[in-house]
Structures are given as C-alpha cells and as structure tokens.
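Trainee: I should like to go through this model with you, beginning with its charged pairs and then moving to its strands and its interior. May we take the questions one at a time?

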Amino acid sequence: MTAPEILHILQKDIHSVVFATVDDSGLPCSTVIDLMLADEKGLYFLTAHGKTFYSRLTEKPFVSLSGIKGGETLSSAAITLRGPVKNIGKDRLEEIFEENPYMEKIYPTPKSRRALEVFCLYKGEGEYFDLSKQPPVRQAFSFGGEEIHERGYRIDGERCIGCQGCRSVCPSGCISNTFPRVIDESRCLHCGNCFQICLRRAVQKLA
C-alpha cells in the first residue's frame, strides 16, 4: 500500500486513535483523538486551546499515534505513526465539520467553536502491521519527505555459516533456506529469537 492509502485507513476506517505526547516533566501522556481529514499533505485533527493536550502540542510539537481496526486480534490490522505537527489555526475547520457532522453535536454554534484550532501531522514515518494474514505482514511507510529508519533484524552474510539455528526458532518462518540466510522483513515479528540463538553473531539488531 502507498502512504496516502494508509493515512486514509487511519482517518476513515480507524478514525479514533491514541496520541502520545510528553508533559512538562518529560513524562508520557496519552489521549484518544479523532482524525478529521487526510490528504497528500498529512493528517488533520483538532483540539481546544484550553486543554492540556493543546499545551503539550504547542510546547513539544511532536506526536506518536497508534490505531487498530478489526475485531479479534487475528482479524485486525494496526498502524503506528510518529512525526512533527503544526498548528494551522482555523484553517480547514469548516471542512472538518462538513466531513464529520457529529462534531456539530459537541460544538453546536460558531461561538462554541472559537476555542478550536486545527493541527496537521505534516510528515512522519510509521508501520502497518496486518495480523489478519498468516504469517502477519509488516510494511514501513513515510510521507512528507520523512526518512524510513530500518528496524528489526538482518543477517550479516559474511558471518552466517548456514546453520539452522535461527530458522528453528523463528515463529513466522521468515528466514530463508538459502545460504547465507536472509530475513524477510515484511513477515518478521521482531521477536529477537534469531538474535539470541546465533552463536556467530551473524544476526544484527537494527535501531
């Protein structure tokens, strides 16, 4: 999937996600927030300037969010995303209310909406993790020019001797039977079993 398609799933199919921010003491805080719009420029949400969430966004304009769609665990897909945000004021506020008519029941009059301001998560990197497929499928993505940072594990071909150690403990069967061994990152669970068992230290842990 493309990054815009994943952002669309976040906004339309999941909609209510958990945002993580940092308070004045450097401690993590979480808040459930609705994603109001999504386009090629990012994700849009709003909050009232009297809320502590607004203060945290203003003082440290960087967020991490997580959302999940589906019922039971093995029929669900999870999306995580992090990146910087910017306050765009009243921009797109009318469009948000048109696209999300339930907001009129919460803020019924123009005067009651004076406190609302719109924020945009304008670039970021994240991961789409689909548990409805077996083995699960993982896809890294980014938008707004953000770089994708490698995570998980990989095998150093010069150190690998082709033993079956890593393959014997891999729950998803994502390690090849070729020599040297190769990890299929799209199916890797990041459990670390291969890293722990490899006596040759051929398995490397990425950031």
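Trainee: How many salt bridges does the count come to?

Mentor: Please bear in mind that this is a predicted model. A pair enters the count when a side-chain nitrogen of Lys or Arg lies within 4 Å of a carboxyl oxygen of Asp or Glu. By this rule, the number of salt bridges is eight.

Trainee: How far apart are the closest N and O atoms of R92 and E95?

Mentor: R92 is partly exposed at 25% relative accessibility, and E95 is partly exposed as well, with a relative accessible area of 30%. The two residues form a salt bridge, and the separation of their closest N and O atoms is 3.0 Å.

Trainee: E150 forms a salt bridge with which residue?

Mentor: E150 is exposed, its relative accessible area being 53%. The closest N and O atoms of the pair are 3.3 Å apart. The partner is partly exposed, with a relative accessible area of 40%, and the residue in question is R154.

Trainee: Is D184, the salt-bridge partner of R187, exposed or partly exposed?

Mentor: The closest N and O atoms of R187 and D184 are 3.9 Å apart, which places the pair within the 4 Å limit. R187 has 26% relative accessibility and counts as partly exposed. D184 has 29%, so its class is partly exposed.

Trainee: Which residues are joined into one network by salt bridges that share partners?

Mentor: R92 has already been named as a partner of E95. Through shared partners, the salt bridges form one network of D39, R92 and E95.

Trainee: How many of the seven residues of strand β8 are buried?

Mentor: Strand β8 covers residues 124–130 and is largely enclosed by the rest of the structure. A residue counts as buried when its relative accessible area is under 20%. In β8 the number that meet this limit is six.

Trainee: Which strand forms a hairpin with β8?

Mentor: β8 pairs in the antiparallel sense with strand β6 (residues 77–89) over six bridges, and in that pairing R82 has E125 as its bridge partner. β8 also pairs in the antiparallel sense with residues 137–143, over seven bridges, and there E127 stands opposite A140. Six residues lie between the two strands of the hairpin, and the partner of β8 is β9.

Trainee: Which element gives the most residues to the largest nonpolar core?

Mentor: The core has 26 residues, of which L10, F19, F45, I79, L81 and L121 touch the most other members. Elements that each supply at least two residues include β1 (16–22), β4 (42–48) and β5 (62–69). The element that gives the most, with six residues, is α1.

Trainee: Leaving aside neighbours within four places in sequence, which residues are in contact with L10?

Mentor: L10 is among the core residues that touch the most other members. Two others in that group, I79 and L81, are also in contact with L10. The full set is H15, V17, L35, L43, L65, I79 and L81.

Trainee: Within what arc do the buried residues of α2 fall?

Mentor: The buried residues of α2 are F53, Y54, R56 and L57. Seen down the helix axis, they line one face of α2, because they fall within an arc of 165°.

Trainee: Which strands are included in what covers the buried residues of α2?

Mentor: The residues to be covered are F53, Y54, R56 and L57. What covers them includes the strands β1, β2 (28–34), β4, β5, β6 and β7.

Key:
Residues are numbered from 1 along each chain as its sequence is written. This is a predicted model: local features need pLDDT of at least 70, side-chain atom pairs count only at pLDDT 80 or more; totals for chains, interfaces and linings use all residues. Side-chain values use heavy atoms; hydrogens and water are left out. Buried means under 20% relative accessible area, exposed over 50%, partly exposed in between (1.4 Å probe, protein chains only). Helices (H or I, at least four residues) and strands (E, at least two) are DSSP runs, numbered from the N terminus. Two strands pair if DSSP finds at least two bridges between them. A nonpolar core is a set of buried Ala, Val, Leu, Ile, Met, Phe, Trp, Tyr and Cys residues joined through side-chain atoms within 4.5 Å. Contact means heavy atoms within 4.5 Å. The arc is that of the directions from the helix axis to the C-beta atoms.
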